[in-house]
Amino acid sequence: MLQAVPSSSELDHLVATTDRMRDSLESVITGRPELVRVTLAVLLAEGHLLLEDVPGVGKTTLAKALARSIDCTVGRIQFTPDLLPSDLTGVNIYRSQTHEFEFRPGPVFAHVVIGDEINRASPKTQSALLECMQEAQATVDGHTYPLPRPFLVVATQNPVEMEGTYPLPEAQRDRFMARLTVGYPSVESELDMLDLQDVADPLGHLRPVTDAATVAALIDTTRRLFASPSVKRYVVDLVTATRQDPGLRLGASPRAAIQLLRVAKALAAMDGRDHVLPDDVQRLAVPVLAHRLLPSTESRLSGRSTTEIVEDVVARTALPVPTTAAPQRTRRTAG
């Protein structure tokens with residue numbers, strides 16, 4: 001059964017709430033509005049976010065700022081080589097007084113889970129998140145426990161070339177809706193950062209601007225946005241092109257197509273639109289697709305990255321023909 005597209009009041013509420021969240025994050029992460037924007041889009045799309053870059057550029061700060069902007073439970077995991085799967089999901093403890101086992105939940109039982117330096121843990125420990133991220137549940141000793149909603153994993157990782165890291169396996173990378181690179185700030189932004197942190201930590205002044213129940217409702221609103229058949233076909237064409245590209249030995253999965261459309265809906269909703277445009281899909285193609293792809297040997301030897309390949313795929317894939325079936329209500333422009 002088809003659901004009606006969001007009403008004007010629902011979109012206004014979504015835009016107002018995400019604007020407050022964006023202002024909160026940008027008070028800490030200066031000079032990188034697109035990074036903040038895509039981060040919020042992943043939250044509304046009910047996905048998971050992978051932040052990849054060298055140490056010290058603000059990956060964990062962004063994750064903590066997002067968590068503090070929402071009045072919800074937060075779990076923090078510092079991934080290390082000796083971390084065990086049970087350190088994430090929890091353990092059953094035997095109570096001699098009652099002669100029963102009591103489940104002690106791990107840090108994944110939270111609305112926002114911050115995984116710091118995820119690629120420093122062994123592949124066995126990394127795999128403990130697979131079920132959590134895909135099915136929003138954790139199985140411990142044969143018993144399955146549901147995770148709260150919303151459930152968002154924000155993981156950081158250093159480049160795999162750095163000492164003491166384990167590359168994330170393909171199945172793990174595919175669970176992340178988007179991968180973002182924080183990057184170095186501009187000179188002006190770095191000067192502002194020095195001024196902000198000269199006296200106190202900006203994170204200490206952050207207060208929640210929304211709560212978990214509101215975010216869950218916004219996620220439901222986002223899902224109801226209209227995506228025309230031509231836009232859906234455009235998403236499939238992009239994903240199919242990655243599977244046929246000679247520069248790749250592994251293209252994007254069907255999960256990638258689903259998540260690309262979902263996060264495109266979130267971006268459109270944040271702009272106050274009740275329908276998705278091809279521009280939304282194009283803007284998100286690189287962060288959603290690039291980390292899932294495996295380059296061919298020739299691409300690696302020539303130094304051609306998966307980001308460049310996705311950009312080429314977007315450039316050569318024909319845009320969909322506009323249709324008149326999409327609702328045309330627009331509340332605000334992108335910015």
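Contact here means heavy atoms within 4.5 Å. Keep that in mind for the close-ups below, which all come from a predicted model.

**View A. Threonine 17, a buried residue in helix 1.** Start with helix 1, which covers residues 8-26 and carries threonine 17. Threonine 17 comes out at 0% relative accessibility, and because the cut-off for buried is under 20%, it counts as buried. What does threonine 17 touch, once its neighbours within four places in sequence are left aside? The answer is Thr210, Thr214 and Leu218. Back inside the local stretch, a polar atom of the threonine 17 side chain sits 2.9 Å from the backbone oxygen of histidine 13.

**View B. An open sheet of 5 parallel strands.** Read across the sheet and the strand order is 3-6-9-1-10. Which strands stand at the edges? They are strand 3 (74-78) and strand 10 (178-180); each has a single partner strand, so one side of each is left without a neighbour in the sheet. From one strand to the next, the twist averages 15°.

**View C. Strand 1 beside strand 10, with helix 2 packed on the sheet.** Zoom in on strand 1 (residues 49-52) and you'll find 3 bridges joining it to strand 10, the two running parallel. Leucine 51 is a handy place to look: its bridge partner in strand 10 is leucine 180. Helix 2 (residues 33-44) packs on this sheet, where it touches strand 1, strand 9 (152-157) and strand 10. The direction of helix 2 makes about 160° with that of strand 10.

**View D. Strand 7 and strand 8 as a hairpin.** Here strand 7 (residues 137-140) runs antiparallel to strand 8 (residues 143-146), and 4 bridges join the pair. Alanine 138 has tyrosine 145 of strand 8 standing opposite. How many residues lie between strand 7 and strand 8? There are 2, and aspartate 141 in the turn has a positive phi of about 55°.

**View E. Helix 12 crossing helix 14.** The players are helix 12 (residues 278-289) and helix 14 (residues 306-316), whose axes come within 9 Å and cross at roughly 150°. Angles over 145 degrees count as roughly antiparallel, and therefore that label fits helix 12 and helix 14. As for handedness, helix 12 passes helix 14 in a right-handed crossing. The side of the interface from helix 12 is made up of Gln282, Ala285, Val286 and Leu289, which meet Thr307, Val310, Glu311 and Val314 in helix 14.

Definitions and conventions. Residues numbered from 1 in each chain as written. Predicted model: local features only at pLDDT ≥ 70, side-chain atom pairs only at ≥ 80, totals over all residues. Heavy atoms only, no water. Buried < 20%, exposed > 50% of the residue type's maximum accessible area, 1.4 Å probe, protein only. Polar contact = N/O pair within 3.5 Å; in protein donor to acceptor, adjacent residues only side chain to side chain. Pairing = 2+ DSSP bridges. Axes fitted to C-alpha atoms, helices over the stretch in contact; angles between N-to-C directions. Parallel < 35°, antiparallel > 145°, perpendicular 65-115°, else oblique. Left-handed = near helix turned anticlockwise from the far one by under 90°.
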